[in-house]
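Reader: I should like a close look at one part of this model, the empty space enclosed by the protein. Please begin with the residues that surround it, and then place that part in its structural setting.

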Amino acid sequence: MSPLRYLLWLAPYLGAALGFVYTFPDCVNGPLKSNAVCDPTQDPATRAKAVISLFTDDELMANTVNLSPGVPRLGLPGYQWWSEALHGVALSPGVTFAASGNFSSATSFPQPITLGSAFDDPLIKSVAQVISTEARAFNNFGRAGLDFFTPNINPFKDPRWGRGQETPGEDPFHISQYVLNLIDGLQGGIDPKPYFKVVADCKHYAAYDLENWEGNIRTSFDAQVSIQDLSEYYLPSFQSCVRDAKVGSIMCSYNSVNGIPSCANSYLLQTILRDFWDFNDDRWVTSDCDAVDNIISTHHFTSTYAEAVADALKAGTDIDCGNTYAEHLPEALNQSLITRTDLERALVRQYTSLVRLGYFDPPNVQPYRQLDWSDVNLPGAQQLAHQAALEGIVLRKNDGTLPLQSSIKKLAVIGPWANATTQMQGNYQGIAPFLISPLQGAINAGYQATFVPGTTISGTSTAGFAAAVTAAQSADAVVFAGGIDDTVEREGQDRTTIVWPGVQLDLIAALEAVGKPLIILQFGAGQVDDSALKNNQSVSTFLYFIRTEWSFPTRKVNAILWAGYPSQSGGTAIFDILSGKASPAGRLSTTQYPAAYTDQVPMTDMSLRPSATNPGRTYKWYQGTPVFEFGHGLHYTTFNVGWQRTPPTQYDIASLIANASSASPLDLALFDTFDITVRNTGKVTSDYVALLFVNSTAGPAPHPNKQLVSYTRLHQIAGGSNSNASLSVTLGSIARVDTEGNLWIFDGSYQLNIDTGPVLLTHQFELVGQPVQISHWPQDVNSTSTA
């Protein structure tokens with residue numbers, strides 16, 4: 001390895017160890033002061049081309065990696081493209097937190113799986129606005145980049161996937177709305193002018209939802225996906241991110257799709273991304289880290305590294321998060337596998353993005369350059385993090401025990417999550433200004449709380465059971481905090497089962513037997529089978545208790561509350577709900593399957609529709625009975641829903657198409673707006689999430705069970721009061737996808753349903769006329785799909 005290549009290989013590790021310090025080019029006195037890149041009157045692409053034209057071939061190739069060295073002779077500083085901000089400014093190669101004082105922390109919001117369960121799009125935008133404000137403040141003091149490798153918008157279809165916590169859930173329509181609002185908040189608007197606030201990065205493109213399952217590893221896995229499933233399920237969130245939200249960058253994934261590694265896949269990166277969705281040349285694609293290397297090292301797609309980097313670069317991967325480009329592009333250039341034009345195209349995309357971020361412009365004309373430590377961890381941001389945790393918590397079961405009666409003073413807070421702090425953040429986390437555990441939340445709420453861990457997440461020891469039971473016997477009520485965490489689900493690690501790990505259920509059985517009110521606080525993203533807890537059955541007959549002479553009353557779990565990863569204010573939010581200070585209104589954004597589900601379909605099966613070897617995936621296609629269905633969530637009150645005006649019973653397809661605006665894609669055209677009135681028929685003030693589903697037998701079989709077409713969250717509806725909402729439905733939402741990925745509006749009978757089990761409101765209507773195709777999905781002529 002040459003000294004230059006050795007330094008390029010070593011640079012990321014030195015950067016991670018020492019902390020990368022960001023600086024800006026000097027456009028006043030530096031070498032580029034007379035170059036067009038420093039002229040703010042020019043358009044961004046012209047400015048970027050002007051500076052890139054000055055790069056030598058070697059300088060071009062050296063700057064195709066995430067830790068770009070810049071060009072010192074031109075006064076261009078190095079730049080680390082890899083910063084993270086999934087649910088707050090996060091620890092990563094491009095982000096440096098101070099040991100104390102200024103920039104020693106950043107607001108830590110709940111993980112996206114919890115945020116998604118709020119079903120509150122304005123909340124998501126507000127969270128993103130705070131994250132980007134704090135991110136810019138960090139950048140202004142050299143502690144973070146201007147772009148961030150977030151969000152993860154792969155649909156969470158299989159509960160075994162280790163990275164589901166990073167996503168908002170399983171439904172493509174929901175994720176599409178989530179990401180539209182998130183990108184709006186992160187980037188400072190939809191394609192904002194003149195400056196991006198930060199550049200976001202939608203990942204992982206595409207069909208990525210496997211880490212390491214039964215010997216199938218993400219870096220070598222070939223996802224066989226039908227065009228129908230690609231269009232209908234795996235890519236709508238990316239279409240929303242790219243076409244509609246105008247995200248500044250995309251990350252290609254580790255896996256192959258239909259035989260071609262994602263980062264060398266021109267069908268994904270050019271045909272769909274740039275040609276179909278108009279991802280233009282002021283936006284760039286980065287590989288996932290070392291995914292370019294994986295093209296040859298694990299996928300064995302090419303014979304040489306020179307061919308691998310050439311395939312990736314020419315397919316449209318502009319930045320290699322890694323060092324494979326820097327090491328092997330010179331070989332590719334020498335072998336005429338790439339040209340200088342290919343290199344310039346990648347660098348112009350990068351630098352056009354930097355121009356749009358104000359990288360070369362005077363700080364005094366940029367509001368975002370004025371942000372500093374005084375804009376981080378503001379009281380409003382901390383309140384928003386608390387609100388986000390409150391809104392995302394889901395009440396799964398309640399027999400009336402919650403909210404806790406005022407007579408309950410003493411709590412036994414038991415379980416492996418009971419005193420959790422950093423555990424509550426999940427992965428891709430930063431350093432929070434504070435972390436309130438469930439135990440501390442109980443104490444802060446005024447309870448006399450006794451803490452006993454009892455067991456660990458996956459441990460098999462029962463040595464802590466006796467102390468836990470003793471604490472429960474002395475308490476007025478018992479709160480068990482458990483579930484799964486990063487030791488069970490994380491990047492690089494999938495699960496093989498969806499049962500409760502370790503001996504947690506055995507401990508719950510012992511606590512049930514004490515006979516005190518028992519509340520289960522369940523954490524983690526991937527669902528575990530709660531059948532026994534839901535049905536009040538005895539979950540274990542543990543030998544230890546058979547051998548004792550204790551006599552226990554009837555066993556019962558009174559309530560189950562799911563919190564996911566609620567982050568810095570999680571403990572406070574949980575006990576706000578348990579005590580009745582706040583009311584639960586979150587909804588599950590994934591399906592909870594029975595444990596047998598993992599024996600019925602392998603993770604490697606990417607198909608959604610039911611078959612002889614697949615019971616169907618997600619609420620749309622699953623043919624079994626879920627333990628808790630998508631959208632499930634209880635309240636402390638009751639609601640009725642009615643139409644403000646009765647919707648039509650018939651729609652003419654030709655008229656719908658004729659009335660659609662030509663200013664936006666046809667799938668975004670309005671079908672109708674359904675106005676509802678929600679009445680709180682109980683006494684407790686509460687939010688209410690209105691979920692609007694449609695089901696139909698129109699179009700070819702098989703037909704989905706139902707599909708989400710609109711939702712909104714109404715806030716603080718007092719007992720006996722009404723609140724109105726408008727649920728807009730697009731043509732794309734009621735359309736079906738054919739086997740070639742095209743969207744069609746079919747004639748036939750349809751039914752609208754508000755809410756899940758029980759449905760609170762229905763309406764039937766007909767679509768009449770001839771079926772109409774409203775989108776034309778690009779086809780892959782090089783596909784080797786067997787799906």
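Author: The model discussed here is predicted. By class, the lining of the largest cavity comprises 5 nonpolar, 3 polar and 1 charged residues. These residues are Val694, Asn695, Ser696, Ala698, Pro704, Gln707, Ile734, Arg736 and Tyr750. Strand S21, which spans residues 686–696, supplies the largest share of this lining, namely 3 residues. The space within the largest cavity amounts to about 80 Å³, and the structure as a whole holds 5 cavities of 30 Å³ or more.

The loop that follows S21 deserves attention as well. Proline 702 is situated in the loop between S21 and S22, and the peptide bond leading from alanine 701 to proline 702 is cis, with omega near 0°.

Strand S22 leads on to the largest pocket, whose volume is about 860 Å³. The lining of this pocket consists of 41 residues, of which Phe173, Gln177, Thr730, Gly732 and Ser733 are the closest to the centre. Several elements contribute two or more residues to the lining: helix H6 (172–187), H7, H8, helix H22 (618–621), strand S22 (707–717), strand S23 (722–730), helix H24 (731–734) and strand S24 (736–737). Of these, S22 gives the most, with 6 residues. By class, the pocket lining divides into 19 nonpolar, 14 polar and 8 charged residues.

Two of the contributing helices, H7 and H8, may be examined as a pair. The axes of helix H7 (residues 227–234) and helix H8 (residues 236–244) come within 5 Å and cross at roughly 60°. The two helices, H7 and H8, are therefore oblique to each other. On the H7 side, the contact involves Leu230, Ser231, Glu232, Tyr233 and Tyr234, which meet Pro236, Ser237 and Phe238 of H8. This contact between H7 and H8 has 5 nonpolar, 2 polar and 1 charged residues.

Helix H6, another contributor to the pocket lining, is followed by a loop with a cis peptide bond of its own. Proline 194 has its place in the loop between H6 and S4, and a cis peptide bond with omega of about 0° joins lysine 193 to proline 194.

Strand S4, at the far end of that loop, belongs to an open sheet of 4 strands, arranged in the order S3-S4-S8-S11 with parallel pairing. Strand S3 (147–148) and strand S11 (284–287) stand at the edges of the sheet, and each has a single partner strand, so one side of each is left without a neighbour in the sheet. The pairing of S3 with strand S4 (residues 199–205) is parallel and extends over 2 bridges. Within this pairing, valine 199 in S4 is the bridge partner of aspartate 147.

One backbone feature remains to be noted in another loop. Phenylalanine 119 has a positive phi of about 50°, although it is not a glycine. Phenylalanine 119 is placed in the loop between helix H4 (112–116) and helix H5 (121–140).

Notes:
Residues are numbered from 1 along each chain as its sequence is written. This is a predicted model: local features need pLDDT of at least 70, side-chain atom pairs count only at pLDDT 80 or more; totals for chains, interfaces and linings use all residues. Side-chain values use heavy atoms; hydrogens and water are left out. Axes are lines fitted to C-alpha atoms, for helices over the stretch in contact, and angles run from 0 to 180 degrees between N-to-C directions. Angles under 35 degrees count as roughly parallel, over 145 as roughly antiparallel, 65 to 115 as roughly perpendicular and the rest as oblique. Contact means heavy atoms within 4.5 Å. Ala, Val, Leu, Ile, Met, Phe, Trp, Tyr, Cys and Pro count as nonpolar, Asp, Glu, Lys and Arg as charged, and the others, Gly among them, as polar. Two strands pair if DSSP finds at least two bridges between them. On a 1 Å grid over the protein atoms alone, a cavity is a set of points where a 1.4 Å probe fits but cannot get out, and a pocket is an open set with protein on both sides within 12 Å along at least five of seven lines; lining residues have an atom within 4 Å of a point. Grid points are joined across faces, edges and corners, and a volume is the space filled by probe spheres set on the points.
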